[in-house]
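Me: I am new to this structure and would like a close look at a single part of it. Please choose one place to start and follow what connects to it. Plain statements will do.

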Amino acid sequence: MEGEEAKSVSINYGKNPSFNSQFIYDEDAQKYIRFSNGEQTVDNETNASVAVDNVFIVETSHKVVDNKGRKEIDLTSGGQAYLLQRGKWQDVNWKNIDGRILPFKGDKQVGFVPGKTWINIIPSTPGLKDAVIWKE
């Protein structure tokens, strides 16, 4: 697997910590376990931990469209992204291909490993570099 070590990553969406998430890599299962606001995310029906094989963190523009704070999120233009798989991360770009958000390096699509994928959508401001915190 290509990339740098990624045993834990925190994604900060803003001032309200209840929206922040963390993914911690479980080496035995070869999956990332998801946490939200410090609490482990579990399936509502089975109470099993939410564990994913791919964590895809994409950056795109967000624009407030009304006085309620609703946002228009650009899911078509593509942009910068991080892809985490099997304990490693790589800097990639994302493109929307036929309605699917997919990782690319240059013009070549980077494959997801088989299993579940969690896509995190980060606003361009603050952007990936400020919203994503890597931990050993």
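A strand and its surroundings

Reply: Start with one pair of residues: Q80 has N93 in β11 as its bridge partner. The model is a predicted one, and that applies to everything below.

The pair belongs to a longer pairing. β10 and strand β11, residues 88-97, run antiparallel and are joined by 7 bridges. The two strands form a hairpin with 2 residues between them, and in this hairpin R86 takes a positive phi near 50°. Most residues other than glycine have a negative phi.

β10 has another partner, strand β7, residues 54-60; these two also run antiparallel, with 5 bridges. Here I57 is the residue that stands opposite Y82 in β10.

How is β10 placed relative to the rest of the structure? Of its 7 residues, 5 are buried, so the strand is largely enclosed by the rest of the structure.

The residue to examine in this strand is G79, which lies in β10, residues 79-85. Is G79 buried, partly exposed or exposed? Its relative accessibility is 22%, and because buried means under 20% and exposed over 50%, G79 counts as partly exposed. Beyond its neighbours within four places in sequence, G79 is in contact with E59, V92, N93 and W94. One of these contacts, V92, is 13 residues away along the chain, and the C-alpha atoms of G79 and V92 are separated by 8.7 Å. N93, another of these contacts of G79, is also the bridge partner of Q80.

At the far end of β11 comes a loop. D98 is found in the loop between β11 and β12, the latter covering residues 100-105. D98 is not a glycine, yet its phi is positive, near 50°. With a relative accessible area of 77%, D98 is exposed.

A second hairpin can be set beside this one. β3 and strand β4, residues 31-36, pair in the antiparallel sense over 6 bridges, and S21 stands opposite S36 in β4. This hairpin has 4 residues between its strands, and among its residues Q30 takes a positive phi near 55°. Q30 lies in the loop between β3 and β4 and is partly exposed, its relative accessible area being 42%.

β3, residues 21-26, has two faces: S21, F23 and Y25 form the covered one, while Q22, I24 and D26 form the uncovered one. β3 also runs antiparallel to strand β2, residues 8-11, with 4 bridges between them. In that pairing, V9 has F23 in β3 as its bridge partner.

β2 contains S10. The relative accessibility of S10 is 8%, so it counts as buried. Which residues does S10 touch outside its neighbours within four places in sequence? They are S21, Q22, A131, V132, I133 and K135. The side chains of S10 and K135 are also joined by a polar contact of 3.5 Å.

One last backbone detail concerns the loop between β14 (117-123) and α1 (128-131), where P126 lies. The peptide bond joining T125 and P126 is cis, with omega about 25°. Most peptide bonds are trans.

Conventions
Residues are numbered from 1 along each chain as its sequence is written. This is a predicted model: local features need pLDDT of at least 70, side-chain atom pairs count only at pLDDT 80 or more; totals for chains, interfaces and linings use all residues. Side-chain values use heavy atoms; hydrogens and water are left out. Buried means under 20% relative accessible area, exposed over 50%, partly exposed in between (1.4 Å probe, protein chains only). Contact means heavy atoms within 4.5 Å. Two strands pair if DSSP finds at least two bridges between them. A polar contact is a pair of N or O atoms within 3.5 Å; within protein, one must be able to donate a hydrogen and the other to accept it, and residues adjacent in sequence count only if both atoms are side-chain atoms.
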